[in-house]
Amino acid sequence: MTLYKYLQEHRYQTAGLIAIHIVNSALQTLGGIASANALTVLVAGHFKTFICWILAMLLAYLLFAAGIYLSIYRLAIIKQRVDTSLRRDISQRIAKSSFAQFHSQPDGTYSSWMSNDLAVINSEAIENFFAIIAAVADVIFASLTLAYFHYSILITVFVLSIAMMLLPKVFKKSLAKASLKRTESNEKLMSEIEDVLEGFNALFMLNARDLIVSKTVAASKKSNQTAENYSNIFARMMAIVNGLSIVSQVIVLAQAGLLIFFKMTAIGAVSAAQTGPK
């Protein structure tokens, strides 16, 4: 089972969300160009033209805000439909299992597959897929904006973008390993909780119901360790990536400043550089 298969199954919803991301990137770029041109014409003393560019920027960003609403709403719909398709296929595999095959796994494992594992797929597969689509569209349109002012800025952004794309690969193996351990830990947690709850009658008769709390808390603490380990690796990756993003923006802004200083581009390039690929 691959993510592509399920996105293909819901191809119209997927294509619609991709289109929303592309339009949003175009609107954000239009807003950036309008802002840059507004600054340029204001310095030149053309106030009426400045107002026109400001209105164009306002319209672009208002439409962009509407696009954010649509993208979040449509993403939620796609996740729910993919979840339903995954549960359908998992339940079909379970239904085709022999008696021995079914009982080779604790009941909690199957519940984990249809709940915890789907939550992981939603956050780490579906959301990341569309985040990549949005990021690629942002880079393409923002690069066109920078090229509009001076081609050398585009070259710098291209090199920095490659560095930002390659950097997360350093964490790929450790993230995959931590993610697998977290999934296995969740399955074990579900199984242990179900075992405790199934023993309720015996614990009730023995007046030992406090064991339900202590065993559940102990199982949860063991599971937390794997989740914390994954979060630690993911947080380090995001911190380094965002650090590089900030450094990249400073480099591009400095380059734009030098080009303006040597009168090789318009002053609006500063604004464009600040809204360039991130």
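**Exercise 1.** Does F234 count as buried, partly exposed or exposed, and at what relative accessibility?

*Solution.* The model is predicted. Buried means under 20% relative accessible area and exposed means over 50%, with partly exposed in between. F234 has 35% relative accessibility, so this residue counts as partly exposed. Y230, at 9%, counts as buried.

**Exercise 2.** Classify the aromatic pair formed by Y230 and F234, and place the two residues in the fold.

*Solution.* Step one concerns the distance: rings pair if their centres lie within 6.5 Å, and those of Y230 and F234 are 6.2 Å apart. Step two concerns the angle: planes under 30 degrees apart count as stacked, and here the angle is 10°, which gives a stacked pair. Step three locates the residues: both belong to helix α10 (residues 210-261), and because they are four residues apart there, about one helical turn separates them. By the pairing rule, the count comes to six aromatic pairs.

**Exercise 3.** Describe the overall form of the chain from its secondary structure, dimensions and contacts.

*Solution.* The chain comprises eleven helices and zero strands. Its radius of gyration is 26 Å, whereas a compact globule of 278 residues would have one near 19 Å. The C-alpha trace spans about 85 × 35 × 30 Å along the principal axes. Of the contacts with a separation of 6 or more, 79% link residues 24 or more positions apart.

**Exercise 4.** What share of the residues is buried, and what supplies the exposed area?

*Solution.* Of the 278 residues, 35% count as buried. The chain exposes about 16800 Å², and carbon and sulfur atoms supply 69% of that area.

How values were computed:
Residues numbered from 1 in each chain as written. Predicted model: local features only at pLDDT ≥ 70, side-chain atom pairs only at ≥ 80, totals over all residues. Heavy atoms only, no water. Rg over C-alpha atoms; globule rule 2.2 N^0.38 Å. Buried < 20%, exposed > 50% of the residue type's maximum accessible area, 1.4 Å probe, protein only. Contact = heavy atoms within 4.5 Å. Areas by Shrake-Rupley, 256 points an atom, 1.4 Å probe, with all protein chains shown as cover. Phe/Tyr/Trp six-rings, centres within 6.5 Å; stacked < 30°, edge-to-face > 60°.
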